[in-house]
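Welcome! Below are some exercises with worked solutions, to be done with the sequence and the 3D view side by side. Try each task before you read on.

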Amino acid sequence: MRKNCNISQELTEMTCDTWVPYYEVGVSCGLPGEMGDLPPEMILLPSMLTRGRQVFIVNAQGDSMQGIGIYSGDPLLLESVRSVRSGEVVMVAIDGEEVLKTYFVDEENQHWLLPANDKYAPILLTEDMDVRFCGRLVCNLSTPRDSISHINEQIRKFKKNQHKLADVYERLAEAVAQGSSLFWAASAWAVVYGVMRDCCDCQCSVAQFERKVQALILPASFEFACRKGSVQRTLSNHTYMYFPVDKWAEQGASKRELALMAFMKEKLK
């Protein structure tokens, strides 16, 4: 047990009188309740911060929230909750992956998770996702939290890009129908994902891509539907697929992978 972690000087000067569990891991490394036998370290914080709430501390990981003053390694105080309000910074598990984002409900009652860094796209929460809210941010124990800004602008840009992507997926369905003979297994969809990622400005995750292609209307004779997890497994087993598609040949991709890749690039450009 210890008095404090890497917290701001302002907090260390307060009276620390409440023990709080501190999981010295990043948000994406797992939920405190799911860390097996790994015990938390207990640290003392001022009761004016905890206010009798069920709270815990984890470290921030990555740069997606740096726009509101949250940097990788910052210790974050979160309150355990199962429901949150629009505008709150939350810890949420999506399809088993834990992230820290701003929760937002727009004028069309669509639910979003927003990063605070233009490098990353907002995440639209849909019914087919396994979503579980784990906590809301109480405060950043290292630096003060800035106000959230440009939310509507982020959504506007994302929606504009989504309209463009909708057209790409329509052309993708046509391309798959025309090039069905080039597919050899469900794993071939990893090639398509690489083309979409590098040539079509598709910023969606692998899981989101799999859901989108599973919804495509393809000929009944098409044999190799994309299955959940098949793209990620293929990427994991073929590390050259993390390179840009134009580098695949020199990285050892097979002839059939290169043939499908070239066909898709031509159809989707």
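**Exercise 1: Strand E6 and its partners**

Task: find how strand E7 (residues 111-114) is joined to E6, then work along E6 to its other partner.

Solution. Step 1. E7 and E6 run antiparallel and are joined by 4 bridges. Two strands count as paired if DSSP finds at least two bridges between them. Helices (H or I, at least four residues) and strands (E, at least two) are DSSP runs, numbered from the N terminus. A word on the model: it is predicted, so local features need pLDDT of at least 70 and side-chain atom pairs count only at pLDDT 80 or more, while totals for chains, interfaces and linings use all residues. Residues are numbered from 1 along each chain as its sequence is written, and side-chain values use heavy atoms, with hydrogens and water left out.

Step 2. Look for a facing pair: Val105 stands opposite His111 in E7.

Step 3. Now inspect the turn. The hairpin of E6 and E7 has 5 residues between the strands. Asn109 is found in this loop, and its phi is near 60 degrees, a positive value in a residue other than glycine. Asn109 counts as exposed, because its relative accessibility is 55%; the cut-offs are under 20% relative accessible area for buried, over 50% for exposed and partly exposed in between (1.4 Å probe, protein chains only).

Step 4. Turn to the other partner. Strand E5 (residues 89-94) pairs with E6 in the antiparallel sense over 6 bridges, and Val89 has Thr102 in E6 as its bridge partner. The hairpin of E5 and E6 has 2 residues between the strands, and Asp95 in the turn has a positive phi of about 50 degrees.

Step 5. Check the cover. In strand E6 (residues 97-105), 7 of the 9 residues are buried.

**Exercise 2: Strand E3**

Task: which residues of E3 lie on one side and which on the other?

Solution. Step 1. Strand E3 spans residues 55-59, and 5 of its 5 residues are buried.

Step 2. Sort them by face: Val55, Ile57 and Asn59 are on one side, with Phe56 and Val58 on the other.

Step 3. Add the neighbour. E3 pairs with E4 in the antiparallel sense over 5 bridges, and Phe56 has Leu78 in E4 as its bridge partner.

**Exercise 3: A loop residue**

Task: is Val84 buried or exposed?

Solution. Step 1. Place Val84 in the loop between strand E4 (75-80) and E5.

Step 2. Read its accessibility: at a relative accessible area of 16%, Val84 is buried.

Step 3. List what it touches, with contact meaning heavy atoms within 4.5 Å. Leaving aside neighbours within four places in sequence, Val84 is in contact with Val90, Tyr103, Phe133 and Arg136.

Step 4. Take one of these: Arg136 is 52 residues from Val84 in sequence, but the two are 7.0 Å apart in space, C-alpha to C-alpha.

**Exercise 4: Helix H4 and the core**

Task: which residues touch the most other members of the largest nonpolar core?

Solution. Step 1. A nonpolar core is a set of buried Ala, Val, Leu, Ile, Met, Phe, Trp, Tyr and Cys residues joined through side-chain atoms within 4.5 Å. In soluble globular proteins, nonpolar side chains tend to be buried together.

Step 2. Of the 36 residues in the largest core, Leu172, Trp189, Met196 and Phe209 touch the most other members. Helix H3 (151-178), H4, helix H5 (206-214), helix H6 (230-237) and helix H8 (255-268) are the elements that give it two or more residues. H4 gives the most, with 7 residues.

Step 3. A second, separate core of 15 residues includes Val58, Ile70, Val89 and Leu137.

Step 4. Return to H4 (residues 189-199): 8 of its 11 residues are buried, so this helix is largely enclosed by the rest of the structure. Trp189, Val192 and Tyr193 are among the buried residues. After H4 comes Asp201, with a positive phi near 55 degrees.
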